[in-house]
Amino acid sequence: MSFVRFVRAAALAAAAVFLCACSAPAPAATTPPPARMSATLPPQASSTPSLSPAPSASSAATATSEKVPPMPAKLKAAEGAEPTVKVYVVEKKAVEEMPVETYLQGVLAGEMKNDWPLEALKAQAILARTFALQFIADKGGSQYEGAHLSTDIKEAQAYDASGVNERIKQAIEETRGRVIASDGALVYAWFHAHSGGVTALAKEGLEYERAEPGYTQSVESPDSPNAPPEDARWTARFPQATVLQALSKMGVNLSKISSISVSRKGPSGRAETLSVNGQSVSAPSLRLALGGMKLKSTLLTSVSVEGDEVVFQGKGYGHGVGMSQWGAYALAENGQKAEDIIAHYFKDVGVVSMWK
């Protein structure tokens, strides 16, 4: 991403685990990353958003009665102790062993700009820790031999050791060992850059193939006005040839696009399917095929054929599932704590400590 790594365009295509509907550069400019994950089309949904009410401060995710999840089997650590992880560092082409909290410093600096509000950084740190452990629990380890995790954004989370400063270290230290749990298990800690004002369910935003998790919800998101205008609202123009090539990769072979429209929307109003010349096409899959940094989201306000171009207009940046980073920014600026931010985007979860 520009300043939060584009969490993952490779994500969607990448299975029912994580990966953000996104993929992008590192933390620097003014744009965080769309986040990560994958899945399959849900049943017909209403085109009118059905939003969950925002949680009250008293319902914030806290380390109350929620059970502490078990440590991933691949990690060896005494009960209540911080595990070490083997990380494949792409730049060095080598596996390095380090405490997981040290690894997370680089992840946080890669996923969110290091001068953001502290509580937004802390919320992202809790998501990053949860994401890392769930990745190991779910996949067993990295695609790189001998590693649990890697700094390869195409596989896991963004990573930028050069962006680690005192604020990043503080966010990691103040959330040390804390993860998000639901029913005694780690959640899929999805996040994205900008929600366009409303978040999505996993099946809607990611074509998630498993049953919709009980902790995901579609809620209004107060994405900060400080976000880049081109992330809040955007227009993307593609030559027909580019769209035809993307459709061909999806198994839809056409010689020309004469019509295109949104044929089905999910609860948040995001396009789940498009009708192209009368043929049904997955909107999330087409977004990835065209490039998630170009077609920024499936929260489309207009799609049309204009001569030799296909024109999309929409809102937001990323798949829209889970926490909006610009929403977290706004909530933190408004005095909300990390747990409150998490409770706004995830329901029926607890923030618990796996080690001290």
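# A tour from helix α2 outward

Select residues 100-111 to begin: helix α2 has 12 residues and spans 16 Å from its first C-alpha to its last, close to the 16 Å expected at 1.5 Å a residue. Keep in mind throughout that this is a predicted model.

**Stop 1: the surroundings of α2**

With α2 still selected, show the rest of the chain as a surface. Is this helix enclosed or not? Of the 12 residues of α2, 10 are buried, so the helix is largely enclosed by the rest of the structure. To see them, colour V100, E101, Y103, L104, G106, V107, L108, A109, G110 and E111, which are the buried residues of α2.

**Stop 2: α2 against α3**

Add helix α3, residues 118-139. How do the two helices cross? The axes of α2 and α3 come within 10 Å of each other and cross at roughly 120°. The two helices are therefore oblique to each other. The crossing of α2 past α3 is right-handed.

Now show side chains at the crossing. On the α2 side, the contact uses E101, Y103, L104, V107, L108 and E111. On the α3 side, select L121, Q124, A125, A128, R129 and A132. Sorted by class, the residues of this contact are 8 nonpolar, 1 polar and 3 charged. Look along either helix while the side chains are shown. An α-helix has 3.6 residues a turn, so residues three or four places apart point the same way.

**Stop 3: Q134 in α3**

Stay on α3 and select Q134, which is part of this helix. Is Q134 buried or exposed? Its relative accessibility is 10%, under the 20% limit, so Q134 counts as buried. Next add A185 and draw a distance between the two C-alpha atoms. Q134 and A185 are 51 residues apart along the chain, and their C-alpha atoms are separated by 9.0 Å.

**Stop 4: D160, by way of Y103**

Go back to Y103, one of the α2 residues that meet α3, and add D160. From C-alpha to C-alpha, D160 and Y103 are 9.9 Å apart in space, with their positions 57 residues apart in sequence. Where does D160 sit? D160 belongs to the loop that runs between β3 (149-150) and α4 (166-174). Although in a loop, D160 is buried, with a relative accessible area of 13%.

**Stop 5: two aspartates with positive phi**

Select D183, in the loop between β4 (178-182) and β5 (185-186). Its phi is near 55°, a positive value in a residue other than glycine. D183 has a relative accessible area of 74%, over the 50% limit, so it counts as exposed.

Then select D348, which lies in the loop between α10 (338-345) and β14 (350-353). D348 is not a glycine, yet its phi is positive, at about 55°. What is the accessible area of D348? The relative value is 65%, and D348 is exposed.

**Stop 6: α7 against α8**

Clear the view and show helix α7 (residues 240-249) with helix α8 (residues 283-290). The axes of these two helices come within 9 Å and cross at roughly 120°. That angle makes α7 oblique to α8. As α7 passes α8, the crossing is right-handed.

Which residues make the contact? From α7, select T242, V243, A246 and L247; from α8, select L286, A289 and L290. By class, the contact of α7 with α8 has 6 nonpolar residues, 1 polar residue and no charged residues.

**Stop 7: S258, past the end of α7**

Follow the chain into the loop between α7 and β8 (260-265), and select S258 there. S258 is exposed, with a relative accessible area of 57%. What does S258 touch? Leaving aside its neighbours within four places in sequence, S258 is in contact with N277 and V305. Add D308 as well: S258 and D308 are 50 residues apart in sequence, and 9.8 Å apart in space from C-alpha to C-alpha.

**Last stop: the whole chain**

Zoom out and show the full cartoon. The protein chain has 10 helices and 14 strands. How much of the chain is buried? Buried residues make up 59% of its 356 residues. Among contacts in the protein chain with a separation of 6 or more, 71% are between residues 24 or more positions apart.

Definitions and conventions
Residues numbered from 1 in each chain as written. Predicted model: local features only at pLDDT ≥ 70, side-chain atom pairs only at ≥ 80, totals over all residues. Heavy atoms only, no water. Helix = DSSP H or I, 4+ residues; strand = E, 2+ residues; numbered from the N terminus. Buried < 20%, exposed > 50% of the residue type's maximum accessible area, 1.4 Å probe, protein only. Axes fitted to C-alpha atoms, helices over the stretch in contact; angles between N-to-C directions. Parallel < 35°, antiparallel > 145°, perpendicular 65-115°, else oblique. Left-handed = near helix turned anticlockwise from the far one by under 90°. Contact = heavy atoms within 4.5 Å. Nonpolar A, V, L, I, M, F, W, Y, C, P; charged D, E, K, R; others polar. Expected span 1.5 Å × (residues − 1).
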